[in-house]
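Subject: Structure for your review

Dear colleague,

Please find below the structure I promised to pass on to you. My findings follow directly after it.

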Amino acid sequence: MTSQPLPFDPIARAAELWEKRIGPSTAMAAVTSVMRVQQIIQSAVDAALKPHGLTFARFEALVLLTFARTGSLPMRVMGERLQLHPTSVTNIVDRLEADGLVRRNPHPTDRRTTLVEITEAGHARREAATEAVTAVEFGLRGLTDRQTEQLTDLLAKVRRAVGDFED
């Protein structure tokens with residue numbers, strides 16, 4: 001990140017040059033903007049979560065478990081909901097378990113299934129981390145609530161179009 005703002009928008013400048021030398025620049029400018037904003041958001045969220053010993057993936061897992069009626073979910077379901085490969089879920093759960101934030105339990109009726117349960121320490125850490133990320137607005141500054149809703153709706157259209165989810 002630069003210490004001072006640039007005197008021009010480099011993405012707009014790139015779009016102008018793209019338009020002159022390559023062709024239509026609408027998609028390029030949009031994607032480049034999304035990628036840059038992703039960097040900004042990631043940096044803000046990482047900085048907010050770091051003092052709590054969490055990455056965004058581990059934070060999401062704690063939030064997901066908090067949303068579960070029983071405070072626990074099968075690892076397979078966690079992977080589906082977080083849209084992660086089973087190996088990634090295992091790594092996340094390993095770290096959270098090592099930190100005492102979750103525990104693995106055998107499923108009461110299915111020996112093939114392992115349940116992941118959030119602990120009291122996990123609830124406390126999730127609560128503190130949530131305060132931290134909401135204090136920085138998840139890194140998404142400069143938009144009204146309505147604009148943020150519109151952005152979410154637009155990005156959902158892209159996600160739906162590539163099969164991320166169905167209505």
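I begin with one pair of residues: Pro106 has Thr114, in β3, as its bridge partner. Please note that the model is a predicted one.

The sheet

The pair just named belongs to the contact between β2 and β3 (residues 114-118), two strands that pair in the antiparallel sense over 5 bridges. On the other side, β1 is joined to β3 by 3 bridges, and these two strands also run antiparallel. There, Ser72 stands opposite Glu117 in β3. Together the 3 strands form an open sheet in the order β1-β3-β2, with antiparallel pairing. Because β1 (72-74) and β2 (102-106) each have a single partner strand, they stand at the edges, and one side of each is left without a neighbour in the sheet. On average, neighbouring strands of this sheet are turned by 30° against each other, direction ignored.

In a regular strand, side chains alternate between the two faces of the sheet. As for the surroundings of the sheet, helix α4 (residues 75-82) lies across β1, β2 and β3 and runs at about 90° to β1.

The largest pocket

The largest pocket has a volume of about 1,500 Å³. It is lined by 36 residues, of which Ile41, Leu140, Leu151, Thr152 and Leu155 are the closest to its centre. Two or more lining residues come from each of α2 (26-49), α3 (56-67), α4 and α7 (145-161). The element that gives the most is α2, with 12 residues. Helix α4 thus appears in two places in this account: it lies across the three strands, and it gives residues to the lining of the largest pocket. By class, the lining comprises 23 nonpolar, 7 polar and 6 charged residues.

The database record

UniProt, in an unreviewed entry, lists residues 27-160 as "domain: HTH marR-type". In the model, this span is 66% helix and 10% strand, and its end C-alpha atoms lie 17 Å apart.

With kind regards

Note on methods
Residues are numbered from 1 along each chain as its sequence is written. This is a predicted model: local features need pLDDT of at least 70, side-chain atom pairs count only at pLDDT 80 or more; totals for chains, interfaces and linings use all residues. Side-chain values use heavy atoms; hydrogens and water are left out. UniProt positions are given in the numbering used here, feature names are shortened, and annotations may be inferred rather than shown by experiment. Helices (H or I, at least four residues) and strands (E, at least two) are DSSP runs, numbered from the N terminus. Two strands pair if DSSP finds at least two bridges between them. Axes are lines fitted to C-alpha atoms, for helices over the stretch in contact, and angles run from 0 to 180 degrees between N-to-C directions. Contact means heavy atoms within 4.5 Å. On a 1 Å grid over the protein atoms alone, a cavity is a set of points where a 1.4 Å probe fits but cannot get out, and a pocket is an open set with protein on both sides within 12 Å along at least five of seven lines; lining residues have an atom within 4 Å of a point. Grid points are joined across faces, edges and corners, and a volume is the space filled by probe spheres set on the points. Ala, Val, Leu, Ile, Met, Phe, Trp, Tyr, Cys and Pro count as nonpolar, Asp, Glu, Lys and Arg as charged, and the others, Gly among them, as polar.
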